[in-house]
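Welcome, and thanks for bringing your viewer along. Please load the model below, pick a cartoon view, and keep the selection tool handy.

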Amino acid sequence: MIRPLLPARIPYFLAVGETLSFRKAAEQLGIAQPALSRSIRDLERHLGFALFERSTRRVALTPAGEVLYRESANAMQRLARATMHAERVAQGLSGTVSVGYSTFAATGPMSDIIIEFRKHHPQAQVGLRLLASSEQAAAFDEGTLDLGFMMSNVVVPPQQTLPISRERLVALVPASHAWAANRAISLRTLSTSPLVIGSTRRWRGFRALIDELVTDRGFSLTIAEEADDVPVLLQLVRSGFGCTILDASFIPTLPPGIVSLEIADATATLDISLVWREDHLSPLAARFIDVAKRFMASRQEQPRRRTRQSRK
């Protein structure tokens, strides 16, 4: 019959096994030697076999005692490491934080915030998940996401937000289009041309933003094609299937054959926020938010510093 160990006796056994002296072990443990001897006898009685060979001259581990000492010492080391790891996780110093991000967030300061977080918390991992803003909102409700970089217009209570970026909207047209020579275009003029745009399934937040923008002016857009991702969307524009609307952060990465135009009367902007739920916030996620807040504060302070320096 296999008997479970008595956990309280294991440190006593390990001390005697290390020193091979009941006197030295008792001094190391800060207990009386008779009490230590009784504990070891109780452990041996409980297990049903001897752990030590005792004589007036020496104390030695039995073969069974050597096995138990070796395995117990390894187990205690693993337990100590596990305890340290658990403590770091509890303090938000280790572990993995699950972070969602939308296509629009990827071109903003998100990566800089993640790098800053890893710099301050090198033992932590960031698990990135590419999800549409609407998918992130659902993941928060399911409890499968710690944080999300998503479109601000999709956020609903009880989600909390930290504004990350604000980008103006621009029109993208084929280089061969008659409008390509212009610097700007109006929404009404843009509505006269077929558009290729993100699908309602994946781009729900962006479509809601655009629909509200044109509906307020009393007209609608003509959708010629839909796509789930930006590379396909740009390929459709370059091939002449239609024009599109994106935010200005994509301009530096546009492929040849596409021209960007300002939308003169576009009052709405595409805003990205870091989003979380207070009722589903791990210590590590809280530290990520703190890093993001400090990063954004320093980012906002830089233009003010440059302004003050230019006035001197």
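Which residues are buried in helix 9 (residues 230-238)? Select that helix and show side chains: Val 230, Leu 233, Leu 234, Leu 236 and Val 237 are the buried ones. Here buried means under 20% relative accessible area, exposed over 50%, and partly exposed in between, with a 1.4 Å probe and protein chains only. Look down the axis and you will find these residues on the same side of helix 9, because they cover an arc of only 155°; the arc is that of the directions from the helix axis to the C-beta atoms. Now add their partners: the buried residues of helix 9 pack against strand 6, strand 8, strand 9 (223-227), strand 10 (244-247) and strand 11 (258-263). Contact, throughout this tour, means heavy atoms within 4.5 Å.

Some ground rules before the next stop. This is a predicted model, in which local features need pLDDT of at least 70 and side-chain atom pairs count only at pLDDT 80 or more, while totals for chains, interfaces and linings use all residues. Residues are numbered from 1 along each chain as its sequence is written, and side-chain values use heavy atoms, with hydrogens and water left out.

Zoom out for the overview. The protein chain holds 10 helices and 12 strands; helices (H or I, at least four residues) and strands (E, at least two) are DSSP runs, numbered from the N terminus. Of the 312 residues in the protein chain, 41% are buried.

Next, select helix 1 (residues 10-19) and helix 2 (residues 22-29). Their axes come within 8 Å and cross at roughly 130°; axes are lines fitted to C-alpha atoms, for helices over the stretch in contact, and angles run from 0 to 180 degrees between N-to-C directions. That angle makes helix 1 oblique to helix 2, since angles under 35 degrees count as roughly parallel, over 145 as roughly antiparallel, 65 to 115 as roughly perpendicular and the rest as oblique. Show the side chains in this contact: Pro 11, Tyr 12, Ala 15, Val 16, Glu 18 and Thr 19 come from helix 1, and Phe 22, Lys 24, Ala 25, Gln 28 and Leu 29 from helix 2.

Stay here and click Leu 20, in the loop between helix 1 and helix 2. Its phi is near 50°, a positive value in a residue other than glycine. Most residues other than glycine have a negative phi. Leu 20 is partly exposed, at 38% relative accessible area.

Then move to Leu 36, in helix 3 (residues 33-47). Leu 36 is buried, with a relative accessible area of 0%. Not counting residues up to four places away in sequence, Leu 36 touches Tyr 12, Val 16, Phe 22, Ala 25, Ala 26, Leu 29 and Ile 31.

For another one-sided helix, select helix 5 (residues 110-120), where Met 110, Ile 113, Ile 114 and Phe 117 are buried. Seen down the axis, these buried residues fall within an arc of 100°, so they line one face of helix 5. Spin the view, and the face turned away from the buried side carries the exposed residues Ile 115 and Lys 119.

Two loops finish the tour. Select Pro 157 and Pro 158, which are joined by a cis peptide bond with omega about 10°; Pro 158 lies in the loop between strand 5 (147-151) and strand 6 (159-174). Last, pick Ser 193, in the loop between helix 7 (187-190) and strand 8 (195-198). Ser 193 counts as buried at 8% relative accessibility. Leaving aside neighbours within four places in sequence, Ser 193 is in contact with His 177, Trp 179, Thr 222 and Cys 243.
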